[in-house]
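Trainee: Could you take me through the nonpolar core of this protein and the parts around it? I would like one connected account that I can follow on the structure.

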Amino acid sequence: MHITNNKPSAVIQKIIDACTCASKKIIVNENEVIHFNNKNNECYFLTSGEVTIRKSGTGKMITRIKSPYIFGFNYYPDSYIHTFSDAEFFVISTNRAIDIIETKKLWKDMYYIANWHANRCYTMVHILNQKSSKMIIINLLKKLYLEPIEYRYTITALQYVQENASLSRSCIYNTLAELSSEGTIFIRRGILISMHNL
């Protein structure tokens, strides 16, 4: 499976810039929680920092997000935002954001963002529906390898796979050991350093 990272950052930033003048700026420290809820009818524009979306109750990571990003037009039920670093947000009512997007004719840009979200979701569904646990792990390792190096070096391959798939720790560990012995991945102190012909 070919995995790419084609986030339309410039388009997302264009929407944020258009709405900033009508938004309220908030700063959230690292390791804080925002109980994001669409019922509040608000959009959160992440303009600086990195966060994860986690499942309420279990704390299981749904996805990791780096600025720029828009919360409010997408939907993460029963979840919350957990800041991975200090983060800057601009908050605006969803209705006001829609008015600005309509006035400035930015719906084409919103389409590109929605299309990226759909592709992102499809990629994860495709990864998690592989025929074997080994293929699930291989594709998650490919996804991890595309992450920014500053993030990739802060999370072990084992932890990353655990947070993204419902596989046992022993299954993941044994598969990582097998791939390492085959020479297709190189792991140092749990961190994925390189991949070869994977």
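Mentor: Let's start from the outside: the accessible surface of the protein comes to about 10800 Å², and 52% of that belongs to carbon and sulfur atoms (areas by the Shrake-Rupley method with a 1.4 Å probe; for residues, only the protein chains shown count as cover). This is a predicted model, in which local features need pLDDT of at least 70 and side-chain atom pairs count only at pLDDT 80 or more, while totals for chains, interfaces and linings use all residues. Residues are numbered from 1 along each chain as its sequence is written, and side-chain values use heavy atoms, with hydrogens and water left out.

Now go inside. Of the 198 residues, 43% are buried (under 20% relative accessible area with a 1.4 Å probe, protein chains only; exposed is over 50%, and partly exposed lies in between). In soluble globular proteins, nonpolar side chains tend to be buried together. Here the largest nonpolar core has 32 residues, and Phe45, Leu46, Val51, Ile65, Phe71 and Phe89 have the most contacts inside it. Such a core is a set of buried Ala, Val, Leu, Ile, Met, Phe, Trp, Tyr and Cys residues joined through side-chain atoms within 4.5 Å. Elements that each supply at least two of its residues include helix H1 (9-19), strand E3 (42-48), strand E8 (87-93) and helix H2 (94-103); H1 gives the most, with six. Helices (H or I, at least four residues) and strands (E, at least two) are DSSP runs, numbered from the N terminus.

Look closely at Val51. Leaving out residues up to four places away in sequence, Val51 touches Leu46, Ile65, Phe71 and Phe89, among others (contact means heavy atoms within 4.5 Å).

Next, follow the strands. E3 and E8 pair in the antiparallel sense over six bridges, and Leu46 has Phe89 in E8 as its bridge partner. E3 also pairs with E6, again antiparallel, over three bridges; there Phe45 is matched with Ile70 in E6. Two strands pair if DSSP finds at least two bridges between them.

Finally, turn to H2, where Thr94, Ala97, Ile100 and Ile101 are buried. These four lie on the same side of H2 because they cover an arc of only 125° around the axis, taken from the directions from the helix axis to the C-beta atoms. The buried residues of H2 pack against H1, E3, E8 and H3. Just after H2, Lys105 takes a positive phi of about 55°.
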